[in-house]
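Reader: I have a structure to look at and some terms I do not yet trust. Could we go through them one by one?

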Amino acid sequence: LISYFDIRKFSRKKKIHFFINTGVGVVIAIFFHFIEHTDWSENIINKAFDLIIIREAEKSAQLTEKKEFKSDKISDRIVFVDIDHATDKDKNQAIDKQWGEPLITPRNKLARIIETAYKGGASIIVLDILLESKDCCNPDNDRQLKTVLEEMTNKKVPTKVIFPVRIGQKGVIKNNLFDDLIEKNPNFYPAIPDITATAADRVIRYWRPYETFKAANEYSILWNISFLTAMVAHEKTQEMKELENKIKSQRFSGHYSVLLGNGKEIKISEEKDDMYLYRIRFLFIPNGTLDSYPEGNLFKELYTSEQLEHMSFADNLVSLKGKIVIVGSSNPDNGDLYPTPIGDMAGMYIIGNAINTILFGLQPSHSSMYVNILIEFFVIIVAAYCFLYFNVLLAQIIASVIFIFALGIISYYYFLHTGVFLNFTFAVVGMSFHRIISNIEEIIEKKGIKGNDYSESKK
């Protein structure tokens, strides 16, 4: 058995073949290193990453299937309030009639939700509802909402409220109906509600930490709504000011790390589109998202607006105290439904999953250079031996099985425990390059044999 692996005992022909295979592996590794940040490469990584994200989501849903257990990676501080969350046709028709045209989230309903949440002791209220336009048909609804926000301001209510705002084409923040109150109340924050899709397939996978906007002839920072919420929850606003100053003064390079209360770190990279650090782990599963677990796992974390409105404040003191309350709507007519790796999901739930990812320090990361070298060395040697002893097709099958099953299982469990993604996907893709080289070798070898036969016949 040792003779099969001891290079010193190989014939000269076998040694040449083995070192050619090894050289091809090294060339492939270097080639993929240089194209790692191309769209093609990102697509390959996404396919492997999505399998892990989906499996992790299924495991999260499986743990709560009997409504008795919950994943230890899901924060018990996050709850959702889905305005007019509906599942049956009759109720949807009633909602359409109630909301009217143009379709604007009922501001009076939003006012009651915010009032109930802050009186119930909520720590942070996150709005996934844009408040750029007035309610043309029901102006009294806007007044009701403004009254609640003014009451919070005047009473210096400690509950934080995060308002989504957008940046226009000229780099200027679009107006919000309550800009004056946001500026006046230190517990009111504007934030960008961006969730980012991969260009190739338009699937939402990432959150982006910040955007720049133009204010008073200079550029300033607007934080991502999920990142801001998690940092405020961890009382890390001072660290955010430091990072903001670094970015604005162009002194930010590499990574900036924030130590969370649970001992884990969140890293912000100077590259805003980092495909590892800003990837969302989907552990909150709303109803109808996962085919394998259609009921999802939001059994205790989801309230409809009607349920919240009819709760007594005494109940809320128990259920909402210290909570992060995310308010939005899953009504598909709002146009706020997006494809994710685990299925279509309303924006409020994507934001909630991003908050949970950051809040718990579940930020994915790529493996270190040394780990990558070890993986590549293992892949190169295994592939070299396979193509040495087996024909091209069989070698490709055996090597792919080893990489997919052995490294795939190791990568999955390693990611669950560390958050580090072991990228061996290029090794499997690289098998096709090995096959091309092996085919060329076989052609050259056959031509050599034919040449020798011809020479012999001439003699």
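**A surface patch and other terms**

Author: In this predicted model, Leu393, Ile397, Val401, Ile404, Phe405, Ile409 and Tyr413 make a nonpolar surface patch of about 690 Å².

Reader: Where is Phe405 placed, and why is Phe405 called exposed?

Author: Phe405 sits in helix H14, residues 392-418. Exposed means over 50% relative accessible area. Phe405 has 54%, so the word applies.

Reader: How many helices and strands does the protein have, and what share of the residues is buried?

Author: There are 15 helices and 16 strands. Buried residues account for 49% of the 459 residues. The protein exposes about 23600 Å², and 56% of that is supplied by carbon and sulfur atoms. Of the contacts between residues at least 6 apart in sequence, 73% join residues at least 24 apart.

Reader: What makes H12 a helix whose length agrees with expectation?

Author: Helix H12 has 13 residues, 347-359, and at 1.5 Å a residue these should span 18 Å. The C-alpha atoms at its ends are 18 Å apart, so the two values agree.

Reader: Why is H12 called largely enclosed?

Author: The cut-off for buried is under 20% relative accessible area. In H12, 13 of the 13 residues are buried, so the rest of the structure largely encloses this helix. Just after H12 comes Gly361, with a positive phi of about 70 degrees.

Reader: How many aromatic pairs are there, and what makes the pair of Phe163 and Phe188 edge-to-face?

Author: The count is 12 aromatic pairs. The ring centres of Phe163 and Phe188 are 5.4 Å apart and their planes stand at 70 degrees. Ring centres must lie within 6.5 Å for a pair, and planes over 60 degrees apart count as edge-to-face, so both conditions are met.

Reader: Why is this pair said to tie parts together?

Author: Phe163 lies in strand E3 (residues 160-164) and Phe188 in strand E4 (residues 188-191), so the pair ties together parts 25 residues apart in sequence. Phe163 has a relative accessible area of 1% and is therefore buried. Phe188, at 4%, counts as buried too.

Reader: What makes the pair of Trp207 and Phe227 stacked?

Author: Trp207 and Phe227 are 5.8 Å apart, centre to centre, with 15 degrees between the planes. Planes under 30 degrees apart count as stacked, so the name fits. Trp207 is in strand E6 (residues 204-207) and Phe227 in helix H8 (residues 225-233), 20 residues apart. Trp207 is buried, with a relative accessible area of 1%, and Phe227 counts as buried at 1%. Trp207 and Phe227 also belong to one aromatic cluster with Tyr210, Trp223 and Tyr278.

Reader: How many salt bridges does a search of the whole structure find, and how do you know that Arg281 and Glu56 form a salt bridge?

Author: The search finds 12 salt bridges. For Arg281 and Glu56, the closest N and O atoms are 2.5 Å apart. The cut-off is within 4 Å, so the pair qualifies. Arg281 lies in the loop between strand E10 (265-269) and strand E11 (302-304), and Glu56 in helix H3 (residues 39-63), so parts 225 residues apart in sequence are tied together. Both Arg281 and Glu56 are buried.

Reader: Where do Lys119 and Glu115 lie, and why are they called partly exposed?

Author: Both lie in helix H5, 4 residues apart, which is about one turn of the helix. Their side chains meet in a salt bridge (3.1 Å, N to O). Partly exposed covers the range between under 20% and over 50%. Lys119 has 31%, so it is partly exposed. Glu115, at 23%, counts as partly exposed.

Reader: Why is Asn108 called buried?

Author: Asn108 is found in helix H5, residues 107-119. Its relative accessible area is 19%; buried means under 20%, so Asn108 is buried. Not counting residues up to four places away in sequence, Asn108 touches Asn141 and Gln144.

Reader: Which residue does Arg208 form a salt bridge with?

Author: Arg208 forms a salt bridge with Glu211, the closest N and O atoms being 3.0 Å apart. Glu211 has 15% relative accessibility and so counts as buried. Elsewhere, Asp50, Asp201 and Arg205 are linked in a network of salt bridges.

Definitions and conventions. Residues are numbered from 1 along each chain as its sequence is written. This is a predicted model: local features need pLDDT of at least 70, side-chain atom pairs count only at pLDDT 80 or more; totals for chains, interfaces and linings use all residues. Side-chain values use heavy atoms; hydrogens and water are left out. Helices (H or I, at least four residues) and strands (E, at least two) are DSSP runs, numbered from the N terminus. The expected span of a helix is 1.5 Å times one less than its number of residues. Buried means under 20% relative accessible area, exposed over 50%, partly exposed in between (1.4 Å probe, protein chains only). Patches are made of residues with over 30% relative accessible area and no salt bridge: like charges are joined within 9 Å, nonpolar side chains (Val, Leu, Ile, Met, Phe, Trp, Tyr) within 5 Å. Accessible areas come from the Shrake-Rupley method with a 1.4 Å probe; for residues, only the protein chains shown count as cover. Rings of Phe, Tyr and Trp (its six-membered ring) pair if their centres lie within 6.5 Å; planes under 30 degrees apart count as stacked, over 60 as edge-to-face and the rest as tilted. Contact means heavy atoms within 4.5 Å.
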